[in-house]
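Subject: Handover of a structure model and findings

Dear colleague,

Please find below the structure that I am handing over to you. I would be grateful if you would read the notes after it with the coordinates open beside them.

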Amino acid sequence: MSKVIKVPRYIKSVFKKLNMLIIKKQMRFNAAFALIILILTTLLGYLSFNMISNAMINHASADSLELIKQISNNIETIMIGFDDISNGILRNEGFDNLVKMHGQLDNEHKRATNGRNIEDILNTLTKTRTDIADIAVITNIGEYITSGETKPLTTDNALAYYAVRRFKQSKRDSLWIDTYQTEVATTGTHTGNKLVISNMKSIKGENNEEIGILMLNIKESYIYSLISDIKIPDEGQLYIVGKDGNYVMNPLNRIQNGKVDYVKYELYIQEILKQKNGTSIKNINGREYILAYQTIDNINGIELGWTVFGMIPIDVVTSGIDSTRVSLYKIGLICVIIGFGISLLFTRFYNAYLEKSYDKKHSIIMERERLASLGQLMGGIAQNFKTPIMSISEGLDELNNLVVEYEKSIEDGNVSDSMQHEIALRMKKCVDNIKPYCSYISDEISTVKGQAVNFNESTDGSFTVGELLKNVKILMSHEVERHHCEMNVDMKVSEDTSIKGEINNMTQVMNNIITNAIESYNESGGKIDIIFSKKGHNLEINVRDYGCGIPESIKDKLFKEMVTTKGASGTGIGVYMSYSTIKGKFGGTMTIDSEKGMGTSVNISIPLKG
């Protein structure tokens, strides 16, 4: 009969704990892997959403511009037709003689007969037109001879009408007058809301003298019916704005027609009128819109200056992408689940992975040392930022006040152009004052950013001695000053001397050496000499301090292992890493001469590019 061997309880407890540790490690590994997959799929979904959204916006912008161009062309054709009617009347044989004669007849009966002859010519072209309110001749004595059955009061002086005064003031032979409310009673009876758009033309005699004015009044309701029937996709809105920013046609609010309303849209309307043609994206009252616009400059050579523009809300354009985004995230979730399952298969290789991770951990330790050194420099960089940031802030405050002052000057009719130019000049001066500080901060950020990248990166690029020295001064000047040291540079080569390799690697080497030189004085301060020279085809860099020096017991180990003279506060990585960098990444050599109590000299020799 065989004997059953019992395993002691404490052994079972040890194995149980070991198994639990392994399971926990495996679960952490699996969770990390799943998290990476989740982040990647989320990022993929975000990028995909942006790409699709941008494509839809670009497509909508192009379509909107084409539609606006088509609408503009149609309106231009319609307005040409109205102008042709006026020109047809002026070309009518005997029309100018009838107008000229009307002002010369003294007999009331003959004047009435002559007026009816003029009316007959006007009615011939306009009697069946429903888009024209009326067409009239204004004589030089202010008589208003109009088409249609309704006649103005004989007591009216047509020369006092708004449109006639505008035409006279323009001193042109032809003029378009944007939407306005007519004060001519007879015209108003044919419109419904008294809003018209007028085409004004001078009637010339044989000697090219003005013998009267031809006035064609187009119903605003006709243009409104054309515009209101046009539907812009994606809940878009359509408007027509005159050259002065007045609404020629606002289908959503006809009360604004003929008026300037900048209360809501001042900035973007001004920009549209300036650019005339194209598309843009603007944030209006917290909502982004696609703006497409086209300007009708003239009709038959007569200035019109109407800008047709449409507004399409971007959130409506991209609303259809929501379902796509949901689908992408579903796919991403599936990928996470699959990735989590796959990660379970890798857990059996976990122990082998730990052995191979030694080199990676070694690199991480070196990187931490570099980042710790960089962290010490950040205090100095922050101090350097203080003055330029305060100067930029003060400049922006002044610039903001000037913007407010400039906006007020625009609304104030008593402010001259020269005063506005003076304000603009002061604004430019503020910008010019801010630029140097921005440039200084940019240089500092670029240098610090370069030092923050992976130290193990290697490129085939190159840099100059001047660029290296600039980086070193930016990163180390505060540290040198804080420890009451003096850094002297003796440049025996041209600053344009080129070095092959990555500037961030060499900068870190110099920072490590200079930091050691600073610490060699034990807070008492002293000189640090940096000499750049050339020996044959090699660049020689010598960094010398006159501090405590390196003990003999340490010197022989400097390039063989990580040793330090700083006790618990040091790691010994700095010198070892610098030596490895010079040798491995620059193909150079690094030596150290030191005598205890007399100082240390670090000598670097690098083959020059070429």
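The notes below go from the whole chain to its sheets, cores and individual residues.

**Overall picture**

Please bear in mind that this is a predicted model. The protein chain contains 16 helices and 17 strands. Of its 610 residues, 41% are buried. When contacts between residues at least 6 apart in sequence are considered, 65% of them join residues at least 24 apart. No disulfides turn up in a search of the whole structure. Two of the cysteines may be noted here: Cys-485 is buried, because its relative accessibility is 11% and the limit for that class is under 20%. Cys-548, at 34% relative accessibility, counts as partly exposed.

**The five-stranded sheet and its helices**

Five strands make up an open sheet with mixed pairing, in the order S12-S14-S15-S17-S16. Strands S12 (486–491) and S16 (589–595) are at the edges; each has a single partner strand, so one side of each lacks a neighbour in the sheet. From one strand to the next, the twist averages 15°. At one of these edges, S16 runs antiparallel to strand S17 (residues 599–607), and seven bridges join the two. Within this pair, Thr-589 is found opposite Ser-605 of S17.

Two helices lie across strands of this sheet. Helix H13 (residues 465–482) crosses S12, strand S14 (527–535) and strand S15 (538–545), and runs at about 170° to S12. Helix H14 (residues 503–519) lies across S12, S14, S15, S16 and S17, at about 140° to S14.

**Ile-528 and Ser-520**

Is Ile-528 buried or exposed? This residue of strand S14 is buried, since its relative accessibility is 0%. Leaving aside neighbours within four places in sequence, its contacts include Cys-485, Glu-486, Met-487 and Asn-488, and also Ile-514, Ala-517 and Ile-518. Tyr-521, Val-543 and Arg-544 are in contact with Ile-528 as well. Ile-518 is ten residues from Ile-528 along the chain, and their C-alpha atoms are 7.7 Å apart.

Ser-520 belongs to the loop between H14 and S14. With a relative accessible area of 9%, Ser-520 is buried. Its side chain reaches the backbone oxygen of Ala-517 at 2.6 Å. Residues up to four places away in sequence not being counted, Ser-520 touches Asp-545, Gly-547 and Cys-548; the last of these is the partly exposed cysteine mentioned above.

**Nonpolar cores**

The largest nonpolar core comprises 45 residues, and Ile-75, Phe-95, Val-137 and Trp-176 have the most contacts inside it. Helix H1 (residues 9–91) provides the largest share of this core, with ten residues. Outside its neighbours within four places in sequence, Ile-75 contacts Ile-227, Ile-240, Ile-296, Trp-306 and Val-308. There is also a second, separate core of 36 residues, which includes Ala-517, Tyr-521, Met-590 and Ile-592. Of these, Ala-517 and Tyr-521 have already appeared among the contacts of Ile-528.

**Strand S5 and Glu-220**

Strand S5 (residues 210–219) is mostly covered, with nine of its ten residues buried. Strand S1 (residues 132–139) runs antiparallel to S5 and is joined to it by seven bridges. In that pairing Asp-134 stands opposite Asn-217 of S5. Strand S4 (residues 195–204) is also antiparallel to S5, with nine bridges between them, and Met-200 has Met-215 in S5 as its bridge partner. S4 and S5 form a hairpin with five residues between the strands. Asn-208, in the turn, has a positive phi of about 65°.

Which residues are in contact with Glu-220, leaving aside its neighbours within four places in sequence? They are Thr-179, Asn-193, Leu-195, Val-196, Met-249, Arg-254 and Asn-257. Glu-220 itself is placed in helix H6 (residues 220–228). Its relative accessibility is 0%, so Glu-220 counts as buried.

Yours sincerely

How values were computed: Residues numbered from 1 in each chain as written. Predicted model: local features only at pLDDT ≥ 70, side-chain atom pairs only at ≥ 80, totals over all residues. Heavy atoms only, no water. Disulfide = S-S within 2.5 Å. Buried < 20%, exposed > 50% of the residue type's maximum accessible area, 1.4 Å probe, protein only. Pairing = 2+ DSSP bridges. Helix = DSSP H or I, 4+ residues; strand = E, 2+ residues; numbered from the N terminus. Axes fitted to C-alpha atoms, helices over the stretch in contact; angles between N-to-C directions. Contact = heavy atoms within 4.5 Å. Polar contact = N/O pair within 3.5 Å; in protein donor to acceptor, adjacent residues only side chain to side chain. Core = buried A, V, L, I, M, F, W, Y, C linked by side-chain atoms within 4.5 Å.
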